[in-house]
Amino acid sequence: DVPLAVVQLSSLRVLTLNDNALDAIPDMDQLVALVELYLDDCRLSELPLSISSCTRLKLVSLRRNRLGPRAVTRDDQSIPEGLFTATAVDRINLEGNPLSQAQASDMAGVEAFLSRRLRTKEKGMQGGAILDHSLFGLT
């Protein structure tokens, strides 16, 4: 489990929890300064709704987890709409999850993410392909 003290660090900018056997992440309401989140190889099947409180978040890496189209503990999608709409995220890697590009693209809020990503690319910042097979690191 993630110690509660970690998710209470309001000035934390980068959080790396790769390679941990996490079935869940505690509420993230207090991580208001978080810019990068790395949760690769953690066995996660869903993200907390409170991730939308991380409004400065720009990069999320969720490679090789158990994220499918639907959440396990709530009647909703596994990646909350708020991650796409309420944060500054313009890079998400979902490679290795039981989720197809089509399923990820159909999630509520993805349009806001794609629009933000397109603006980032147009400004000449890091971005990459917008609608090709590399979207979310999925095929």
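**Reading salt bridges and strand order in a predicted model**

Modeller: Let us begin with one residue: D75 has a relative accessibility of 75% and counts as exposed. Please bear in mind throughout that this model is predicted.

Colleague: How should I read such a percentage, and which salt-bridge partner does D75 have?

Modeller: The class follows from cut-offs: a residue is exposed over 50%, buried under 20%, and partly exposed in between. The side chain of D75 meets that of R70 in a salt bridge, with 3.2 Å from N to O. R70, with a relative accessible area of 47%, falls in the partly exposed class. A network also exists: E46, R74 and D76 are joined by salt bridges that share partners.

Colleague: What is the general idea behind such pairs, and how many salt bridges does the structure hold?

Modeller: Side chains of opposite charge can pair when their charged atoms come close. In this structure there are 8 salt bridges. One of them joins the side chains of D41 and R64, at 2.8 Å from N to O. This pair links distant parts of the chain, 23 residues apart. D41 sits in the loop between β2 (36-38) and β3 (59-61), while R64 sits in the loop between β3 and α1 (81-85).

Colleague: Are D41 and R64 buried or exposed?

Modeller: Each falls in between: D41 is partly exposed at 26% relative accessibility, and R64 is partly exposed at 36%.

Colleague: Which residue forms a salt bridge with K58, and what does that pair tie together?

Modeller: The side chain of K58 meets that of D90, with 3.4 Å from N to O. K58 belongs to the loop between β2 and β3, and D90 to the loop between α1 and β4 (91-93), so the bridge ties together parts 32 residues apart in sequence. As for accessibility, K58 is partly exposed, with a relative accessible area of 27%, whereas D90 is buried at 2%.

Colleague: I would like to consider D40 next. Where does D40 lie, and which residues does D40 touch?

Modeller: D40 is in the loop between β2 and β3. Its relative accessible area is 3%, under the 20% cut-off, so D40 counts as buried. Leaving aside residues up to four places away in sequence, D40 touches N18, D19, S61, L62, R63, R64 and N65. Among these contacts is R64, the salt-bridge partner of D41.

Colleague: How should I read the backbone angle phi, and what value does D19 have?

Modeller: Look at the sign of the angle together with the residue type. D19 has a positive phi of about 60° although it is not a glycine. This residue lies in the loop between β1 (14-16) and β2, and at 60% relative accessibility D19 counts as exposed. D41, likewise not a glycine, has a positive phi near 55°.

Colleague: Finally, the strands. In what order do they stand in the sheet, and which are the edge strands?

Modeller: To read a sheet, follow which strand pairs with which. Here 4 strands form an open sheet in the order β1-β2-β3-β4, and their pairing is parallel. β1 and β4 are the edge strands, each pairing on one side only. From one strand to the next, the twist averages 0°.

Colleague: How many bridges join β3 to β4?

Modeller: The parallel strands β3 and β4 are joined by 3 bridges. For example, V60 has I92 in β4 as its bridge partner.

How values were computed:
Residues are numbered from 1 along each chain as its sequence is written. This is a predicted model: local features need pLDDT of at least 70, side-chain atom pairs count only at pLDDT 80 or more; totals for chains, interfaces and linings use all residues. Side-chain values use heavy atoms; hydrogens and water are left out. A salt bridge is a side-chain nitrogen of Lys or Arg within 4 Å of a carboxyl oxygen of Asp or Glu. Helices (H or I, at least four residues) and strands (E, at least two) are DSSP runs, numbered from the N terminus. Buried means under 20% relative accessible area, exposed over 50%, partly exposed in between (1.4 Å probe, protein chains only). Contact means heavy atoms within 4.5 Å. Two strands pair if DSSP finds at least two bridges between them. Axes are lines fitted to C-alpha atoms, for helices over the stretch in contact, and angles run from 0 to 180 degrees between N-to-C directions.
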